Amino acid sequence: MPTKVASALIIFIFGLSMGAATLAKAEESSVPARSNIAELFGLPLNDLSVSRLEKQLNSMGMHSYPSYKDGVVSYSLGPEGILGVTSATIYSNGSGYVRQALLSGVVESSEKRKALGELLARKYGKPSEGFLNNGIGRSKWLFQDGTMIELHNTTYDVSLMYVDENPKVATRSGQIDVEALSRKNQ
């Protein structure tokens, strides 16, 4: 009888360890992979052209306000916005690449502020600088490609800033494009 109990105990412990390993693998595979690049409206921020971003925003049903400043374009994200963030201002360099994007809004709902912080934490992991306490805080995510995301959502005035430290700059090659000139003259 004692050998049967010992055998049953060994089988039970073996079953538990196998079950725990299977559960650990299931939990591991259900955790989404963290993004290692900053994304703005689903597009990689590094060297993002304003024209490409405008196409993306237009496809989402957003249109820019008339702008009177070179390199500055503003968008309304609707009356409800995205988790309460209702406006986006895009700043670009002289070559037409995004150097900074500021998303902001007055978010009175603490649930929406928490959801915004938690969304960023799920997508990008633990902040490089600052803190998040249940999605609320002042945080920065720094990326290898010279981009950064900064979140401020400790008060009703919420801001989310995307920065490309070194946006692409168009350079002149010094060569004359004869084919382009011939097409222009026709």
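**Exercise 1. Is Lys123 buried, partly exposed or exposed, and which relative accessibility places Lys123 there?**

Solution. Start with the ground rules: this is a predicted model, in which local features need pLDDT of at least 70 and side-chain atom pairs count only at pLDDT 80 or more, while totals for chains, interfaces and linings use all residues. Residues are numbered from 1 along each chain as its sequence is written, and side-chain values use heavy atoms, with hydrogens and water left out.

Step 1. Recall the classes: buried means under 20% relative accessible area, exposed over 50%, and partly exposed in between (1.4 Å probe, protein chains only).
Step 2. Lys123 has 32% relative accessibility, so Lys123 counts as partly exposed.

**Exercise 2. Find the salt bridge partner of Lys123, and place both residues in the fold.**

Solution. Step 1. A salt bridge needs a side-chain nitrogen of Lys or Arg within 4 Å of a carboxyl oxygen of Asp or Glu.
Step 2. The partner is Glu39, with the closest N and O atoms 3.1 Å apart.
Step 3. Now the elements: Glu39 sits in strand β1 (residues 39-40) and Lys123 in helix α3 (residues 110-124), so the pair links distant parts of the chain, 84 residues apart. Helices (H or I, at least four residues) and strands (E, at least two) are DSSP runs, numbered from the N terminus.
Step 4. Glu39 is partly exposed, at a relative accessible area of 22%.

**Exercise 3. Work through the other salt bridges of the structure, which holds three.**

Solution. Step 1. Glu80 and Lys112 form a salt bridge at 3.4 Å, N to O. Glu80 belongs to the loop between β3 (72-76) and β4 (87-92) and Lys112 to helix α3, so this pair ties together parts that are 32 residues apart in sequence.
Step 2. Compare their classes: Glu80 counts as exposed at 55%, whereas Lys112 is partly exposed at 30%.
Step 3. Lys140 meets Glu129 in a salt bridge of 3.8 Å, N to O. Lys140 is in strand β7 (residues 136-142) and Glu129 in strand β6 (residues 129-133), so parts eleven residues apart in sequence are tied together.
Step 4. Lys140 is partly exposed at 24%, and Glu129 is partly exposed at 39%.

**Exercise 4. Trace the strand pairing on both sides of the β4 and β5 hairpin.**Solution. Step 1. Two strands pair if DSSP finds at least two bridges between them.
Step 2. β4 and strand β5 (residues 98-106) pair in the antiparallel sense over six bridges, and Ser92 has Val98 in β5 as its bridge partner.
Step 3. Five residues separate β4 and β5 in their hairpin, and Gly96 in the turn has a positive phi of about 85°.
Step 4. β5 is also joined to strand β9 (residues 157-164) by seven bridges, again antiparallel. Here Ser104 stands opposite Ser159 in β9.

**Exercise 5. What does Thr89 touch, and is Thr89 buried or exposed?**

Solution. Step 1. Thr89 is found in strand β4.
Step 2. At 17% relative accessibility, Thr89 counts as buried.
Step 3. Taking contact as heavy atoms within 4.5 Å, and not counting residues up to four places away in sequence, Thr89 touches Val72, Val73, Ser74, Gln100, Ala101 and Leu102.

**Exercise 6. How many helices and strands does the protein have, and in what order do they run?**

Solution. Step 1. The protein has four helices and nine strands.
Step 2. From the N terminus on, their order is α-β-β-α-β-β-β-α-β-β-β-β-α.
Step 3. To finish, 30% of the 186 residues count as buried.
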